[in-house]
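Dear colleague,

I am sending you a structure for your consideration. Please look at it first, and then read the notes below it.

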Amino acid sequence: VFCLPASGEGLSMAALEALAAGLPAVLSPGCNLPEAAEYGAGVIVAPEPEPLATALRGLLADAERRATMGATARR
């Protein structure tokens, strides 16, 4: 799982590289990658502790979801 709670990235190369490597992503709106959520490769949450923790817990507890999101990310 890749997590980037950015407040202002033009277009995050780190997030793009993580997705290309097949990692499901937890991103903030500041990463400017709504396509990650639209295509099911990641989730977009507010860059605040509670939403980030909830998203990470959900992904870490669900291996099948991580695998599906990771395969989607790689595509």
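The following paragraphs describe a helix, a loop residue and a surface patch.

Please bear in mind that this is a predicted model.

I begin with helix α3, which comprises residues 49-60. At 1.5 Å a residue, its twelve residues should span 16 Å, and the C-alpha atoms at its two ends are indeed 16 Å apart, so expectation and model agree. Within α3, the residues L52, A55 and L59 are buried. Viewed down the helix axis, the buried residues of α3 fall within an arc of 70 degrees, which means that they line one face of the helix. The general reason is that an α-helix has 3.6 residues a turn, so residues three or four places apart point the same way. The buried residues of α3 pack against β1 (2-4), β2, β3 (42-44) and α4 (63-74). On the other side of α3, P49, E50, R57 and L60 are exposed.

The next residue is S28, located in the loop that runs between β2 (25-27) and α2 (34-38). Is S28 buried or exposed? Its relative accessible area is 1%, and because buried means under 20%, S28 counts as buried. Leaving aside residues up to four places away in sequence, S28 touches L4, P5, A6, I44, V45 and P47.

Finally, M13 belongs to helix α1 (residues 13-20). M13 has a relative accessible area of 52% and is therefore exposed, the cut-off being over 50%. Together with L11 and L16, M13 forms a nonpolar patch on the surface, and the accessible area of these residues together is about 280 Å².

Yours sincerely

Notes:
Residues are numbered from 1 along each chain as its sequence is written. This is a predicted model: local features need pLDDT of at least 70, side-chain atom pairs count only at pLDDT 80 or more; totals for chains, interfaces and linings use all residues. Side-chain values use heavy atoms; hydrogens and water are left out. Helices (H or I, at least four residues) and strands (E, at least two) are DSSP runs, numbered from the N terminus. Buried means under 20% relative accessible area, exposed over 50%, partly exposed in between (1.4 Å probe, protein chains only). Contact means heavy atoms within 4.5 Å. Patches are made of residues with over 30% relative accessible area and no salt bridge: like charges are joined within 9 Å, nonpolar side chains (Val, Leu, Ile, Met, Phe, Trp, Tyr) within 5 Å. Accessible areas come from the Shrake-Rupley method with a 1.4 Å probe; for residues, only the protein chains shown count as cover. A salt bridge is a side-chain nitrogen of Lys or Arg within 4 Å of a carboxyl oxygen of Asp or Glu. The expected span of a helix is 1.5 Å times one less than its number of residues. The arc is that of the directions from the helix axis to the C-beta atoms.
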